[in-house]
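Please open the structure in a viewer and keep the selection panel at hand. The tour below proceeds by selection, stop by stop.

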Amino acid sequence: MSARIIDGKAIAAGLRAEVAAGVARLKESHGITPGLAVVLVGEDPASAVYVRNKGRQTVEAGMASFEHRLDASTSQAALLDLVRRLNDDPAVNGILVQLPLPGHIDPAAVIDTIDPAKDVDGFHVVNAGRLATGLPALVPCTPVGCVILAKQVHPDLTGLEAVVVGRSNIVGKPVAQLLLAENCTVTIAHSRTRAVADVCRRADLLVAAVGRPEMIRGGWVKPGATVIDVGINRVAAGDGTARLVGDVAFDEARQVAGAITPVPGGVGPMTIACLLRNTLEATRRQHGLEAPG
Ligand SMILES: Nc1nc(=O)c2c([nH]1)NC[C@@H]1CN(c3ccc(C(=O)N[C@@H](CCC(=O)O)C(=O)O)cc3)C=[N+]21
Ligand SMILES: [Mg+2]
């Protein structure tokens, strides 16, 4: 058997087109152009690629893109000052501070300073709490992307056994919350989970978000299961170049799974598409406009 490959790149392109249409309507009816500010501290080359892709796709969606590149030695106080200025800038509707930050900066202090209404990453405790309690929220982009991809296979997720491997605040916990809201039976596995392969093998829907290259093997996957691979790991290829692999051993898992996301071309592009959608939604709310039904 060979699994259906879920084409995140194509699905993300469709979502970006919907966002672009929404942006065009907002401009036409209200003269409003959404603006997304991205802050990058330091020179991490992988981060620089994401920031460039985000900037390009933001402009392609008809939004304004504001990029702030700060030196790696920037103080926390200076970064917090910038975030407060962006909070106060009416042209900025969404703020993303690229993580990870240099070690001398406390990410929680930065996230806490972002206006929750502009927190398009959905990382602020107000948005995390709203998600957990079932209130409207800005929801983290990668988790939403995972759920959209899972729904390509299972339009109704109700009753599925979902296992999330990883418990980070940016993926594992929020994706578990979203799957719970979709009526899945959710298990969160992590580095201290006993018999993790057995736990994974229970899953109808397996979400891998551990950040460890190819940790999840073919034998961990229940036959016919849907596998969503959040990992984006750069590993050295035989010839010395870098190649991208997920948290799932793709060539093994595709023999067992019913459907699986590739890396690249799976969850990654969905993250950026959902970021643009959050920015549009945040802009509408900041202007007191209801999301159209
Ligand atoms: N505040 C914050 N929010 C984030 O959402 C955030 C962050 N910090 N820090 C870094 C991670 C990583 N991330 C990615 C987004 C898109 C791709 C993506 O589009 N990947 C493509 C191409 C990958 C490539 O070729 O390099 C793919 O998987 O097909 C990857 C990684 C967002 N992150
Ligand atoms: Mg991907």
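The stops cover the domains, the two sheets, a hairpin, the ligand shell and some backbone features.

**Conventions**

This is a predicted model, in which local features need pLDDT of at least 70 and side-chain atom pairs count only at pLDDT 80 or more, while totals for chains, interfaces and linings use all residues. Residues are numbered from 1 along each chain as its sequence is written, and chains are lettered from A and ligands numbered from 1 in the order in which they are written.

**Stop 1: the domains**

Select residues 29-117 and then 141-267, which are domain 1 and domain 2 of the protein chain; the bounds come from an automatic or database domain assignment. Taken over C-alpha atoms, the centres of the two domains are 28 Å apart.

Next, select residues 6-121, which an unreviewed UniProt entry annotates as "domain: Tetrahydrofolate dehydrogenase/cyclohydrolase catalytic". UniProt positions follow the numbering used here, feature names are shortened, and annotations may be inferred rather than shown by experiment. This span is 51% helix and 16% strand, with 24 Å between its end C-alpha atoms. Helices (H or I, at least four residues) and strands (E, at least two) are DSSP runs, numbered from the N terminus.

Residues 140-286 carry the UniProt feature "domain: Tetrahydrofolate dehydrogenase/cyclohydrolase NAD(P)-binding", also from an unreviewed entry. Here the composition is 36% helix and 19% strand, and the end C-alpha atoms lie 18 Å apart.

**Stop 2: the three-stranded sheet**

Select strands 2, 3 and 4, which form an open parallel sheet in the order 3-2-4. Two strands pair if DSSP finds at least two bridges between them. Strand 3 (64-70) and strand 4 (94-97) are the edge strands, each pairing on one side only. From one strand to the next, the twist averages 15°; axes are lines fitted to C-alpha atoms, for helices over the stretch in contact, and angles run from 0 to 180 degrees between N-to-C directions.

Strand 2 (residues 35-41) is joined to strand 4 by four bridges in the parallel sense; to see one pair, pick Val38 and its bridge partner Leu96 in strand 4. Then add helix 2 (residues 45-60), which lies across strand 2 and strand 3 and runs at about 170° to strand 2.

**Stop 3: the six-stranded sheet**

A second open sheet has six strands in the order 1-11-8-7-5-6, with parallel pairing. Strand 1 (4-5) and strand 6 (185-189) each have a single partner strand, so one side of each is left without a neighbour in the sheet. Helix 6 (residues 141-153) packs on this sheet, touching strand 7 (205-208), strand 8 (226-229) and strand 11 (259-260), and its direction makes about 155° with that of strand 8. Contact here requires C-beta atoms, placed from the backbone, within 7 Å.

At one edge, five bridges join strand 5 (residues 161-165) to strand 6 in the parallel sense. Select Val163 to find Thr187 as its bridge partner in strand 6.

**Stop 4: the hairpin**

Strand 9 (residues 233-236) and strand 10 (residues 242-245) run antiparallel and are joined by four bridges. Val235 stands opposite Arg243 in strand 10. Five residues lie between the strands of this hairpin, in which Gly240 takes a positive phi near 90°.

**Stop 5: ligand 1**

Which residues come nearest to ligand 1? Of the 18 residues around it, they are Gln98, Leu99, Pro264, Gly268 and Thr271; a residue is near if its C-beta atom, placed from the backbone, lies within 6 Å. Helix 2, strand 4 and helix 10 (267-286) are the elements that give two or more residues to the shell, and helix 10 gives the most, with four.

Colour the shell by class to see twelve nonpolar, five polar and one charged residues. Ala, Val, Leu, Ile, Met, Phe, Trp, Tyr, Cys and Pro count as nonpolar, Asp, Glu, Lys and Arg as charged, and the others, Gly among them, as polar. Both domain 1 and domain 2 give residues to the shell, so ligand 1 lies between them.

**Stop 6: backbone features**

Select Leu99 and Pro100, whose peptide bond is cis with omega near 0°; Pro100 is in the loop between strand 4 and helix 4 (107-113). Another cis peptide bond joins Val263 and Pro264, with omega about -5°, and Pro264 lies in the loop between strand 11 and helix 10.

Finish at Ala195, a residue other than glycine with a positive phi, near 50°. Ala195 is in the loop between strand 6 and helix 8 (196-201).

Notes:
Contact = placed C-beta atoms within 7 Å.
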